[in-house]
Amino acid sequence: MNVEQTAYATGVSLQQARELIIAVAAEHRLPTEIVALETALHRVLAADMHAPFDVPGFANSAMDGFALRGADLPQSGECALQLIGQIFAGGDNAPLVGVGECVRITTGAPLPHGADSVVIKESVRVDGDRIWINAGEKPGANTRPAGEDYRGGDLALRAGTLLSAAQLGTLASFGCDTIAVTRRIRAVLLTTGDELVPAGVPLGFGQIHDSNRFSLGGLLRTFGVELVRHEHLRDDPALLRTALLRAARDADIVLSSGGVSAGEADYLPSLLAEIGHIHLWKVRIKPGMPFLFGRIGEALVFSLPGNPVSGIATFLSLVRPALDTMLGINTSARKTWRARLPSAIQKRHSRSEFLRATLTCDENGTLWVTPLVKQGSAMLRGVSDADVLLIVPEDKHELAQGSVVEFLPLPGLA
Ligand code: AMP
Ligand code: MG
């Protein structure tokens with residue numbers, strides 16, 4: 001089949017490409033599954049989570065010290081209180097605290113009836129079964145009321161939350177040991193090219209090591225995608241055809257690299273048109289212009305250009321939004337990152353450009369984003385040494401020193 005005969009979007013802007021990809025990916029939302037909380041880190045919460053009860057469930061002490069009645073605290077000078085017992089975290093048999101009395105208490109122990117304040121142990125002098133307290137202590141201090149963290153019924157986490165370590169802690173504090181999350185995306189990664197040799201195998205003349213296997217495979221893993229398998233394929237249309245069909249049967253997404261431009265051995269566009277459907281080919285970006293997106297059966301196919309930097313830039317700018325959408329991730333809270341340029345930038349073309357750049361914060365708290373010198377799309381060093389991809393919008397040909405630009409953080413920037 002001739003690629004020219006099929007209808008698909010082409011030559012669109014970065015923003016238009018993203019919108020199209022997100023619209024298609026929305027039709028490929030993944031089902032939910034129940035998993036053990038232990039395995040839920042970086043999974044996507046499938047439903048809103050409300051606190052099932054007050055957390056903490058009971059008023060307790062925030063410090064190690066003495067529980068007492070705030071009304072007994074001295075206004076001036078010092079006073080003595082009678083020590084009538086003790087309660088430790090996990091204990092449940094504290095005596096009632098009456099006027100002029102106190103109970104030794106540890107952090108997390110339930111506040112005894114009658115007590116409403118805790119004075120820390122470092123601030124009192126113990127003298128047998130009495131303690132001495134100086135003026136200046138605050139009634140109600142060092143206590144944690146029931147429901148201080150979450151009130152029963154509070155909306156605690158929204159559906160679409162990418163679960164962090166702290167959020168797993170929240171779910172555990174609600175007593176959840178299992179949780180409904182979106183199923184992980186399954187991907188097959190295909191790297192194509194006659195010149196590619198696996199890392200570990202010596203290079204012949206004209207050969208290079210298959211680095212995309214690791215940079216793209218690493219990005220898939222970074223974003224929680226399950227890599228079903230990787231295959232390296234020669235630039236042979238029959239082999240590619242079989243591999244694409246098999247990959248589409250085994251995975252939710254097929255990610256390929258290489259063979260999407262207009263070279264003699266660039267078979268991906270015509271193959272995708274033949275055995276599937278092209279949604280989009282060629283985006284007004286640099287690097288990564290020949291990016292190809294479509295589907296084979298139920299699988300979404302992302303064919304990235306072979307140049308290592310193009311692959312990473314198109315993954316972060318165009319594949320990631322699809323992953324977010326398929327997983328139902330709520331991206332509304334995601335930050336748009338901006339920083340200032342320490343020197344002017346000129347751009348001659350009318351495409352959006354991703355420049356590899358480092359990020360620094362000066363003593364005034366201003367963030368600066370500085371493009372690296374090596375910007376070739378085949379130069380992995382550019383991305384290896386970078387913190388971010390700085391985005392020069394397609395309609396900007398001149399950016400003055402000090403102007404504010406957007407950037408995409410590279411994974412690992414923290
Ligand atoms: P292509 O998109 O197939 O025209 O490849 C563009 C450039 O990227 C060529 O210089 C390829 O040798 C290089 N390239 C393609 N695939 C890979 C890969 N998996 N790892 C490293 N470089 C690659
Ligand atoms: Mg190639």
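In this predicted model, helix H6 gives the lining of the largest pocket its largest share, eight residues. That pocket is a good place to begin, and the site of the ligand and a few features of the backbone follow.

**The largest pocket**

The space in the largest pocket comes to about 1600 Å³, and its lining is made up of 44 residues, among which Arg 320, Asp 324, Arg 334, Lys 335 and Trp 337 are those that lie nearest the centre. Three elements each give two or more residues to this lining, namely helix H1, which covers 14-26, helix H6, which covers 308-327, and strand S29, which covers 404-409. Sorted by class, the lining of the largest pocket holds 20 nonpolar residues, 16 polar residues and eight charged residues.

**The second largest pocket and ligand 1**

Which pocket holds ligand 1? Ligand 1 sits in the second largest pocket, where the space amounts to about 300 Å³. The lining of this second pocket consists of 18 residues, and those that lie nearest its centre are Thr 192, Glu 195, Leu 196, Gly 306 and Asn 307. By class, four residues of that lining are nonpolar, 10 are polar and four are charged.

Seen from the ligand itself, the surroundings consist of 16 residues, of which Glu 195, Asp 210, Gly 259, Gly 306 and Asn 307 come nearest to ligand 1. The shell around ligand 1 is made up, by class, of four nonpolar, 10 polar and two charged residues.

Backbone atoms of the protein also approach the ligand, and the table sets out three such pairs, each between a backbone N or O atom of the residue and an atom of ligand 1.

| Residue (backbone N or O atom) | Atom of ligand 1 | Distance |
|---|---|---|
| Ser 211 | nitrogen | 3.1 Å |
| Asn 212 | nitrogen | 3.3 Å |
| Gly 259 | oxygen | 2.9 Å |

When ligand 1 is taken alone, it exposes 480 Å², and the protein buries 77% of that area. As for the elements around the ligand, strand S14, at 186-192, and strand S16, at 208-209, are those that give two or more residues to the shell around ligand 1.

**Features of the backbone**

Where in the chain do Val 55 and Pro 56 fit into this description, and what kind of peptide bond joins them? The bond between Val 55 and Pro 56 is a cis peptide bond, with omega at about -5°, and Pro 56 has its place in the loop between strand S3, at 49-50, and strand S4, at 60-61. A cis peptide bond also joins Lys 286 and Pro 287, where omega is about -5°; the loop in which Pro 287 is placed runs between strand S20, at 285-286, and strand S21, at 292-296.

Another feature concerns His 42, a residue other than glycine that has a positive phi, with a value near 65°. The loop that contains His 42 lies between strand S2, at 32-36, and strand S3.

Notes: Residues numbered from 1 in each chain as written. Chains lettered and ligands numbered in written order. Predicted model: local features only at pLDDT ≥ 70, side-chain atom pairs only at ≥ 80, totals over all residues. Heavy atoms only, no water. Near = heavy atom within 4 Å. Polar contact = N/O pair within 3.5 Å; in protein donor to acceptor, adjacent residues only side chain to side chain. Areas by Shrake-Rupley, 256 points an atom, 1.4 Å probe, with all protein chains shown as cover. 1 Å grid on protein atoms, 1.4 Å probe; cavity = no way out; pocket = protein on both sides within 12 Å on 5 of 7 lines; lining within 4 Å. Sits in = over half its atoms within 2 Å of the grid points. Helix = DSSP H or I, 4+ residues; strand = E, 2+ residues; numbered from the N terminus. Nonpolar A, V, L, I, M, F, W, Y, C, P; charged D, E, K, R; others polar. Points joined across faces, edges and corners; volume = space filled by probe spheres on them.
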